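Trainee: Could you take me through one part of this protein up close? I'd like to see how that part fits into the whole chain.

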Amino acid sequence: MKRLPGYLKNFYFLVGAFFLIWMLFIDANDFYSQYKKRWKLNDLEKEKEYYIQMIREVEKDREELLSNDKLLEKFAREKYLMKKPTEDLYVIVQED
């Protein structure tokens, strides 16, 4: 014990060092966990931007469909296979 420097015998230094090690490596909010959370946050923000862009495109398409009856009819026929009562509908499915 006599060979140790004085600061290693100091109670406050030991408690401070223990606290620092605990906060950096052992605690639930350590550096590694914070890094992973920051990385995930960045990924989620990128996804948010993507979905905001997709929402804008869908809203634009919706406005176009609601303003143009012929485009709405074309969309309904292609997407939902709707038809007029006097028409016959044939669906051709291509297999890859």
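**A close look at helix 2**

Mentor: Sure, let's start with the whole chain: its secondary structure comes to 4 helices and 0 strands (both are DSSP runs numbered from the N terminus, helices being H or I with at least four residues and strands E with at least two). The radius of gyration is 32 Å, well over the 12 Å that the globule rule gives for 96 residues, so the chain is more spread out than a compact globule (the radius is taken over C-alpha atoms, and the rule is 2.2 Å times the number of residues to the power 0.38). Those C-alpha atoms fill a box of roughly 105 × 35 × 20 Å along the principal axes.

Keep in mind that this is a predicted model, where local features need pLDDT of at least 70, side-chain atom pairs count only at pLDDT 80 or more, and totals for chains, interfaces and linings use all residues. Residues are numbered from 1 along each chain as its sequence is written, and side-chain values use heavy atoms, leaving out hydrogens and water.

Of the 96 residues, 4% count as buried. Now zoom in on Ile26, which sits in helix 2 (residues 11-26). Ile26 is partly exposed, with a relative accessible area of 48% (buried means under 20%, exposed over 50%, partly exposed in between, with a 1.4 Å probe and protein chains only).

Ile26 also belongs to a nonpolar surface patch with Phe18, Phe19, Ile21, Trp22, Met23 and Phe25, and together they have about 760 Å² of accessible area. Patch residues have over 30% relative accessible area and no salt bridge, with like charges joined within 9 Å and nonpolar side chains (Val, Leu, Ile, Met, Phe, Trp, Tyr) within 5 Å. A salt bridge is a side-chain nitrogen of Lys or Arg within 4 Å of a carboxyl oxygen of Asp or Glu. Areas come from the Shrake-Rupley method with a 1.4 Å probe, and for residues only the protein chains shown count as cover.
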